[in-house]
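Please open the model in your viewer and keep the selection tool at hand. The stops below say what to select next and what is to be found there.

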Amino acid sequence: MKKISYKEQPVEEYIIREEPYYVPVKDEVEIFTAAYENNLPVNLKGPTGCGKTRFMEYMAYKLECPIITIACHEDLTASDLIGRFLIKGESTEWNDGPLTKAVRNGAICYLDEFVEARMDTRVVIHPLTDDRRVMPIDKLGIILHAPPEFMLTISYNPGYQSVLKDLKQSTRQRFVAIDFDYPPADIEYEIVAHESGIDMEDARTLVEIGQKIRNFKQHGLEEGVSTRLLIYAGMLMRSGIDQKEACRAAMIKPITDDYELQKSIDEIIAAIVE
Ligand SMILES: Nc1ncnc2c1ncn2[C@@H]1O[C@H](COP(=O)(O)OP(=O)(O)OP(=O)(O)O)[C@@H](O)[C@H]1O
């Protein structure tokens, strides 16, 4: 009979040792902390690049808990999350997947863009997200009980959802939900200045342009420009790129291929930046 071994997988590398820069926007820190204290899973809802991942890193640091992040995609299988056997010479070794690793070690597991995962993969989290907080591993014939430190979090962007990629109510209703959006202007320019290294005045202009671009959502733009892209524009400026060009490269071209829309947005930028 083949020998089966289990490889210990420490989570030291998932500990965040320096406080991430995060500016709270509403009561998200308090709600998340209360959810953590009550062993409740959390769903972060919001558009791309608005601070969800940064918030998770900040909370993991504050709660002194390792965080294992998984970027979900349509090829992600249940085994990718749970783990699999690997043949090592004469023996077979069990390798924990990232979700199992988080359960065993009492870490926060963050499933980014959860709706991108296939339906059969999504249901794997169900027993972990109700009061059972267990994870059956059929291939090992065991059931893991999550320690109190373990927390499951997911993120999803409601703006992208189609009927095929929506969360079933039976999944949705297992999570406390926190809404995220682009930060209000006075917080966003502080973030842009801090992250890109440009001065407040320039950051203020970028945020003003960003807000105008976001209004184009009513005129065919699929998604507004993210805080992440405003920061990119600031970084290009800090490296000596002219403000208009930085806005074109980091804020207009990435968000749409529609030439007419690009031209309209360009006119708005020209009116703000002399
Ligand atoms: N409240 C905030 N405090 C500090 N930085 C922020 C905040 N909001 C956004 N940022 C900045 O915006 C960048 C993009 O945010 P982040 O990567 O967290 O987006 P996200 O919402 O996780 O996006 P995605 O859904 O695409 O993964 C961060 O790297 C950070 O620099």
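Begin at the ligand and colour the helices around it: α2, α7 (185-196) and α9 (227-238) each give at least two residues to the shell around the ligand, where helices (H or I, at least four residues) and strands (E, at least two) are DSSP runs, numbered from the N terminus. This is a predicted model, in which local features need pLDDT of at least 70 and side-chain atom pairs count only at pLDDT 80 or more, while totals for chains, interfaces and linings use all residues. For your selections, residues are numbered from 1 along each chain as its sequence is written.

Select the shell itself next, which holds 20 residues, with Thr48, Gly51, Lys52, Thr53 and Arg54 as the closest; a residue is taken as near the ligand if its C-beta atom, placed from the backbone, lies within 6 Å of it. Coloured by class, the shell shows 8 nonpolar, 7 polar and 5 charged residues, with Ala, Val, Leu, Ile, Met, Phe, Trp, Tyr, Cys and Pro counted as nonpolar, Asp, Glu, Lys and Arg as charged, and the others, Gly among them, as polar. Both domain 1 (4-179) and domain 2 (185-272) contribute at least three residues to this shell, the domain bounds coming from an automatic or database domain assignment.

Now colour the two domains separately. The centres of domain 1 and domain 2, taken over C-alpha atoms, are 32 Å apart. Their contact involves 9 residues of domain 1 and 10 residues of domain 2, two residues being in contact if their C-beta atoms, placed from the backbone, lie within 7 Å. On the side of domain 1 that touches domain 2 there are 5 nonpolar and 4 polar residues, and no charged ones.

Select residues 188-271, the range that an unreviewed UniProt entry annotates as "domain: CbbQ/NirQ/NorQ C-terminal"; UniProt positions are given in the numbering used here, feature names are shortened, and annotations may be inferred rather than shown by experiment. This span is 70% helix and 0% strand, and its end C-alpha atoms are 21 Å apart.

Within that range, return to α9, whose 12 residues reach 17 Å from the first C-alpha to the last, close to the 16 Å expected at 1.5 Å a residue, the expected span being 1.5 Å times one less than the number of residues. Is α9 largely enclosed or not, and why? Because 9 of its 12 residues are buried, α9 is largely enclosed by the rest of the structure; a residue is buried if 20 or more other C-beta atoms lie within 10 Å of its own, exposed if 12 or fewer, and partly exposed in between, with C-beta atoms placed from the backbone. Among the buried residues of α9 are Leu229, Leu230, Tyr232 and Met237, and the buried residues of this helix pack against α7, α8 (200-214) and α10 (243-252). Just after α9, pick Gly240, which has a positive phi near 100 degrees.

Move on to α8, with 15 residues and a reach of 21 Å from first to last C-alpha, close to the 21 Å expected. Its buried residues include Leu206, Val207, Ile209 and Ile213, and what covers the buried residues of α8 includes α7, α9, α10 and α11 (259-272).

Cross to strand β2 and select Lys45, which counts as partly exposed because it has 18 C-beta neighbours inside 10 Å. Its C-alpha atom is separated by 5.1 Å from that of Tyr156, although the two are 111 residues apart along the chain. Apart from neighbours within four places in sequence, Lys45 is in contact with Tyr156, Pro158, Ala177, Asp179 and Phe180.

The last two stops are in loops, and their interest lies in the backbone. Most residues other than glycine have a negative phi. Asn39, in the loop between α1 (28-37) and β2 (42-45), has a positive phi of about 60 degrees, and with 15 C-beta neighbours inside 10 Å it counts as partly exposed. Glu64, in the loop between α2 (52-62) and β3 (67-71), also has a positive phi, near 55 degrees, and counts as exposed, with 9 C-beta neighbours inside 10 Å.
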